[in-house]
Amino acid sequence: MRQASEAAATRSRAWTRPVDEVREAGQYTTTAEAERVTRIVLSALGGHVVGDERVALAQVLPPEAAWVVASQIPVTRPQTAAEFVDGVAARIEGATPATARWDVSSVLSVLPKVVGDDLIDRVLGVLPPGYALLFGKAELVPPAAR
């Protein structure tokens, strides 16, 4: 029984750390607000990241976050970063494109700290151009062919 409660506490701390980082990054007033935004953004992301990258992401996220990502039905067509932000805005009551971009960036910019830059680079490789800035990374453009 003690091992089960210790395991649950460890899982809970694993979820609390990224939510606390989102709260700080987004300057949310409550942990509940940061958690709600985190779940919404990860849910939206889960529909866009598929294949090996989705599996790898789910394996390294805390269980609560992994379930949110992995349980989403893949989208039927890729969305631009702006469309992604607009989709998140539609899920958050009272959100505007500007506040949704803040929410998305507050969550996605924390992910490299949680899962590592290498995996985020792989995730960005399966997303359309334009998402890197949402993750707090520079958008690298390959040099033009000569």
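pLDDT is the predictor's confidence in each residue, from 0 to 100, and contact means heavy atoms within 4.5 Å.

Entry 1, the model. I am reading a predicted model, in which local features need pLDDT of at least 70, side-chain atom pairs count only at pLDDT 80 or more, and totals for chains, interfaces and linings use all residues. Residues are numbered from 1 along each chain as its sequence is written, and side-chain values use heavy atoms, with hydrogens and water left out.

Entry 2, confidence. I looked up the chain average, which is a pLDDT of 89, with 87% of the residues at 70 or above. Over residues 4–10 I found pLDDT under 50, and for these residues the model has zero contacts beyond four places in sequence.

Entry 3, H2 with H4. I took helices as DSSP runs (H or I, at least four residues), numbered from the N terminus. Helix H2 (residues 31–46) packs with helix H4 (residues 63–70) at an angle of about 45°, the axes being 7 Å apart; axes are lines fitted to C-alpha atoms over the stretch in contact, and angles run from 0 to 180 degrees between N-to-C directions. H2 and H4 are therefore oblique to each other (angles under 35 degrees count as roughly parallel, over 145 as roughly antiparallel, 65 to 115 as roughly perpendicular and the rest as oblique). I noted that Arg39, Leu42, Ser43 and Gly46 of H2 meet Glu64, Ala65, Val68 and Val69 of H4.

Entry 4, H3 with H4. Helix H3 (residues 51–60) packs with H4 at about 160°, with axes 7 Å apart, and the two are therefore roughly antiparallel. I list Arg54, Leu57 and Ala58 from H3 and Ala66, Val69 and Ala70 from H4 as making this contact.
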